[in-house]
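Reader: I'm new to this one. Could you show it to me and take some questions?

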Amino acid sequence: MNEFRFYSKLDLTVLLGRRAKNSRQLLEGLRHVPDASIYFHTHKFLLQYHYVTPVPPNDFAQWALLSLNDDLLGERLSSIDVVQYGNLGDLRASIMKVVEEHVEANGSRRECPPGEEFHFMASQAFIVPTPIVVHTLQEFAAHLEHVSLNSLYHHMFDARLRLGRGENDFSAWFRGIGKPELAEEVKKLDPYLHTLEGLRKRLAVLVRRYA
Amino acid sequence: MLRIEDYSPIVGQAMIYELFRLARQLEGKKIQNINSTAVGGGVAEILSRMMPLLKQLGLDAHWDVIKGNEKFYAVTKKFHNGLHGVPVEVSQEDLDWFLEVNRENAEQFEFGDIVFVHDPQPIALIEKRASVGRNWVWRCHIDSSQPNKTIWKFLERYIAMYDAAVFSAPAFEARLPIRQILISPSIDPLSDKNKDLPEEVINAVFEKYGIDRNRPVITQISRFDFLKDPLGVIKAYKMAKGSVDMQLVLAGGGATDDPEGPMIMEQVKAEADKDKDIFVLFLPPSSDLEINALQRGSTIVLQKSLREGFGLTVSEALWKGKPVIAGAVGGIPLQIRHQYSGILTHSIEGTAQWIKRLVSEPEFAARLGANGREHIRNNFLITRHIKDYLLLFLSLFYSDDIVHFS
């Protein structure tokens with residue numbers, strides 16, 4: 001099957017009823033929340049703030065920096081390079097390690113002001129087909145500029161980590177139609193370094209090169 | 001009447017397609033909104049704008065209003081204040097009457113497949129679930145982050161009978177045995193308060209009030225109420241004005257039922273009398289176009305709230321591409337990511353400092369405003385609100401973490 005159908009993903013935000021006002025409570029939360037929550041707090045802002053560069057840090061880092069006023073913890077959490085992780089379990093372990101080490105070294109007496117607690121959330125994802133179906137790289141390149149950012153995000157980010165497919169959907173399809181070099185180039189792209197529009201342009205350039 | 005396609009140039013055709021696609025999954029389901037008033041108040045306003053759009057998407061959407069008398073609304077006013085954390089006293093007679101009115105209403109309704117109950121007034125309709133079944137969701141539009149315990153305890157037993165509860169900001173979530181969903185409110189970009197305005201309309205409003213558009217204008221649109229901190233705004237303006245020229249506009253409704261309201265208004269007026277560059281405008285409720293013009297013509301918009309429900313005035317200003325400096329309270333941090341899409345402050349001094357910086361650095365200020373507008377486009381317009389409601393309704397029928405529609 002050579003066709004590729006673009007899908008879009010729409011999220012319903014779920015409040016998990018768990019909050020943290022210091023780093024120890026953050027660690028406790030990290031230990032217990034579902035994988036979907038780890039994904040939510042390390043990715044949701046990418047779609048919400050898709051137009052800014054540099055991309056703001058993940059929610060944990062942002063909270064440590066702005067609400068806990070803890071520059072060290074914030075900086076270390078900001079430095080976690082999400083693209084290096086192939087699954088959410090490893091990503092969670094890495095975030096927990098940073099917070100755990102920080103709590104051991106510095107304690108957790110620092111608390112956020114009332115009303116600025118960290119609220120753990122997650123999302124229920126609804127994946128819907130779009131009417132856009134392509135069969136060749138030329139068609140892919142032509143339609144890429146019309147797909148929604150939700151769709152682009154779904155195939156580039158969700159597919160790899162949230163759906164656990166190990167790689168983005170575009171690379172999988174390129175490989176399937178006999179374009180393994182293109183598949184590798186797209187796989188090597190670090191999507192976290194781009195705005196979504198920037199990512200769209202970068203993808204278009206790569207695809208046209210092989211079309 | 002507005003058509004759903006009218007939003008396409010703003011949010012993109014793909015978004016409109018996605019709304020139709022989601023709505024298709026709800027074909028044949030009767031969706032019934034129930035609240036306590038058809039006019040007045042934020043809930044009625046958003047429902048009246050949303051209902052025609054839901055119907056255009058092909059949904060069998062309905063809106064019913066419960067009937068109550070003065071005594072009933074006196075009790076529900078106590079509930080409202082209690083959820084806001086105000087100390088209130090409710091008697092057993094109050095509670096009995098509240099339940100009686102809810103039960104009478106429940107007998108009159110023909111319930112839909114999805115019963116979407118807004119705010120506390122109709123909350124006890126859920127008792128009917130035992131005999132009619134259906135899917136029930138309770139939507140809390142109120143800041144319930146620090147509720148009065150007695151009121152919460154009473155309401156909690158009814159909330160727990162629903163399938164899900166919906167809150168507007170993470171801080172409003174509670175310890176509940178049911179699923180809790182976050183759905184933020186929204187603004188309508190095509191309403192009088194938010195639609196694009198010709199430059200001459202903006203100029204006319206500024207001229208009417210004698211405000212000079214050739215000099216920087218800092219504006220806060222809010223009720224004159226302690227929690228909106230108008231006196232703190234004046235202090236911040238004075239601190240900033242020591243080094244940068246500017247005018248201050250404080251515009252909003254008159255005194256509220258806040259007992260300190262009249263006193264604050266007097267102090268605001270007294271301060272304004274001392275400084276010809278402070279403009280205090282008491283605007284009637286029908287001033288949407290003027291508010292729109294004031295926001296659009298301002299250099300910076302402030303929302304220095306000490307406590308806030310959601311703070312949609314922030315979304316309104318950001319949508320107009322304005323740099324906004326706002327207190328980091330209630331739903332405001334959802335709308336502003338500090339130094340990306342606006343500025344969050346915690347003090348008068350911090351507010352003054354940022355006013356000076358943004359007036360002095362118009363390029364940085366413009367970037368914040370442009371980012372803010374994009375943030376609102378993606379997250380706080382009525383189309384996103386509709387999308388969230390459709391997903392909420394679908395979540396009553398699909399419980400998987402990831403749901404695929406083919």
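Author: Let's talk about domains and how they touch.

Author: This is a predicted model, where local features need pLDDT of at least 70, side-chain atom pairs count only at pLDDT 80 or more, and totals for chains, interfaces and linings use all residues. Residues are numbered from 1 along each chain as its sequence is written, while chains are lettered from A and ligands numbered from 1 in the order in which they are written.

Reader: What makes 13-122 a domain of chain A?

Author: Domain bounds come from an automatic or database domain assignment. Chain A is split that way into domain 1 (4-8 + 124-210) and domain 2 (13-122), with C-alpha centres 28 Å apart.

Reader: How do you know which residues of those domains of chain A are in contact?

Author: Two residues count if their C-beta atoms, placed from the backbone, lie within 7 Å. On that basis, 13 residues of domain 1 of chain A are in contact with 15 residues of domain 2 of chain A. On the domain 1 side, helix 7 (149-162) of chain A gives the most, with 5 residues. Helices here are DSSP runs (H or I, at least four residues), numbered from the N terminus.

Reader: And what about chain B?

Author: Chain B has domain 1 (4-186 + 381-395) and domain 2 (199-379), and their C-alpha centres lie 31 Å apart. There, 11 residues of domain 1 of chain B are in contact with 9 residues of domain 2 of chain B. The domain 1 side divides into 7 nonpolar, 2 polar and 2 charged residues.

Reader: Why are some of them called nonpolar?

Author: Because Ala, Val, Leu, Ile, Met, Phe, Trp, Tyr, Cys and Pro count as nonpolar, Asp, Glu, Lys and Arg as charged, and the others, Gly among them, as polar.

Key: Helix = DSSP H or I, 4+ residues; strand = E, 2+ residues; numbered from the N terminus.
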